[in-house]
Amino acid sequence: MKDYKILFTGSVCSGKTTAIRSVSDIETLDTDAQASDVTVRRKKNTTIVMDYGVLDLNTETRVHLYGTPGQERFRFMWDMLTSEFAHDAIGMVLLVDNTRKDPFRDIRFYAKAFGDYLRKRRLIIAVTHSDVEPNPDYNRYLSELKDLGVMSTVMFVDARDPRAILGVIEELISAVERDIDWDQVRDRLLDINGFSLDFYKPLYEETLLDAAMNKRGVLGAMHIGEGQDLLCSNIDDASIKSLLLNINRLTDAISEKASFLGAVNNVVIAGPKVDTLSVFNDQNQSLCLKSDKDISLPVLKQQAGDLLQWSIDNDYLA
Amino acid sequence: MNELLGTIDKPNVVESSCFLEGKEVTTSSFTKANRHYETVARQTFSYIFLNVGKHKSKHNEAHLEIGDKRLSGFLLKANRVLVCLSEKETNISDVRAHIQQVQHLIAKAEVERMLA
Ligand SMILES: Nc1nc2c(ncn2[C@@H]2O[C@H](COP(=O)(O)OP(=O)(O)O)[C@@H](O)[C@H]2O)c(=O)[nH]1
Ligand SMILES: [Mg+2]
């Protein structure tokens with residue numbers, strides 16, 4: 001049996017777990033534990049240690065797929081993966097979520113974080129979520145990568161589609177294994193793992209809420225788009241919802257009327273025995289949060305900043 | 001009352017302050033240059049605490065970050081709000097702690113005001 005390894009990485013919600021699961025022959029040991037925080041009621045899973053899957057290409061050839069954890073506090077796993085489990089991987093796949101405000105910042109970040117590791121192996125940039133946000137497009141990626149001096153193949157994939165992920169694997173493995181019947185693997189995977197887009201919905205909104213629910217102390221979140229358009233919410237209490245919507249409306253009105261003072265960045269209301277409610281604005285969208293009153297306001301601000309990508313570096317790890 | 005505002009204003013924590021009665025300013029240390037912030041504070045806190053009251057919610061402080069500044073509103077009792085203007089970077093807990101420290105002075109002034 002010939003064994004190959006591939007390491008997947010990328011920001012939270014870029015699709016690492018989904019990609020590995022979509023092609024794995026085994027029940028993925030995705031050590032996605034339920035994040036233990038009380039806050040996580042809605043988001044199902046967060047990769048906290050690593051993802052692992054196995055794909056047999058034929059009776060002689062097997063691929064082991066490893067996924068790095070997304071959360072910063074498990075960053076030690078990156079080292080463990082690159083120096084132990086996947087130290088002999090044939091290549092790395094960087095999943096880039098195209099709905100991120102600046103996907104190239106992700107690329108710069110990961111190319112740097114895994115710089116040494118990539119010196120000896122191939123990098124494939126697999127752009128996900130492009131069904132939701134088609135831009136930047138393929139050519140833009142090529143030119144940006146050229147400017148960055150990053151040597152990489154770019155592929156647009158849907159992490160939920162086993163055919164797409166298999167294509168990425170083929171790109172890496174076919175350079176060293178010539179006798180694999182890729183069509184056959186593909187058919188087999190579709191038989192086993194199937195693929196349907198029934199569950200398709202604009203996932204960007206959902207992921208923002210999911211990501212919000214993963215933040216410490218966050219009890220509920222609401223995403224408001226341009227023109228007070230309520231995109232998505234998991235705050236059920238009508239009274240709190242309406243309070244937040246009103247505050248959001250107020251921030252818009254003030255930003256408009258007193259624009260010479262600068263934009264309203266956020267409004268936070270708090271009290272001794274109530275959940276803290278906050279509204280954070282980012283150009284044409286707002287994130288409303290309901291959080292535990294014990295979360296300090298700087299932390300809250302940091303969290304919202306991460307979520308809305310105001311901060312520079314840490315938000316990659318969310 | 002102005003003496004009180006003098007105590008509330010503290011370098012690096014609270015730049016200016018004022019008391020609101022509904023939408024009206026009763027006493028203020030806001031300078032001319034900062035008047036616009038006072039106007040924003042009047043609109044914001046009267047609206048927010050009115051809404052909070054409508055929803056029978058127990059929130060008694062509100063903070064609004066606008067440009068480089070932050071306006072904090074502390075609800076003293078129905079309709080009455082203490083407003084503080086700070087730099088955005090000022091830690092809110094410093095502002096809060098400071099207000100707590102001068103709380104008894106505020107309370108005393110409130111009583112005096114009622115008796116007057
Ligand atoms: N629309 C769309 N959704 C995707 C795509 N890739 C992954 N997802 C969804 O994005 C969410 C986050 O994926 P997940 O694998 O948990 O991300 P991870 O944090 O990197 O492990 C899941 O709901 C996936 O179904 C894609 O290309 N398009
Ligand atoms: Mg995951």
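**Ligand 1 and its surroundings**

User: Which residue places a polar side-chain atom 2.8 Å from a nitrogen atom of ligand 1?

Analyst: This is a predicted model, in which local features need pLDDT of at least 70 and side-chain atom pairs count only at pLDDT 80 or more, while totals for chains, interfaces and linings use all residues. Residues are numbered from 1 along each chain as its sequence is written, chains are lettered from A and ligands numbered from 1 in the order in which they are written, and side-chain values use heavy atoms, with hydrogens and water left out. A polar contact is a pair of N or O atoms within 3.5 Å; within protein, one must be able to donate a hydrogen and the other to accept it, and residues adjacent in sequence count only if both atoms are side-chain atoms. The residue you are after is Asp131(A).

User: What share of ligand 1 does the protein bury?

Analyst: Taken alone, ligand 1 exposes 590 Å², an accessible area from the Shrake-Rupley method with a 1.4 Å probe (for residues, only the protein chains shown count as cover). Of that area, the protein buries 88%.

User: Which residue has a backbone N or O atom 3.5 Å from an oxygen atom of ligand 1?

Analyst: Oxygen atoms of the ligand have partners too: one is 3.3 Å from an N or O atom in the side chain of Asp158(A). The backbone partner, at 3.5 Å, is Ala159(A).

User: Which helix gives the most to the shell around ligand 1?

Analyst: The shell has 18 residues, each near the ligand, with a heavy atom within 4 Å of it. Cys13(A), Lys16(A), Thr17(A), Thr18(A) and Asp131(A) are the closest. Helices (H or I, at least four residues) and strands (E, at least two) are DSSP runs, numbered from the N terminus. With three residues, the top contributor is helix α1 (residues 16-23) of chain A.

User: Is Leu123(A) buried or exposed?

Analyst: Leu123(A) sits in strand β5 (residues 122-128) of chain A. Buried means under 20% relative accessible area, exposed over 50%, and partly exposed in between (1.4 Å probe, protein chains only). Because its relative accessibility is 6%, Leu123(A) counts as buried.

User: How does Leu142(A) count at 35% relative accessibility?

Analyst: Leu142(A) belongs to helix α5 (residues 138-148) of chain A. Its 35% relative accessibility is why Leu142(A) counts as partly exposed.

User: How many strands does chain B have?

Analyst: Chain B has 116 residues, of which 47% count as buried. Its elements run α-β-β-α-β-β-β-α-α from the N terminus on. Alongside four helices, the number of strands is five.
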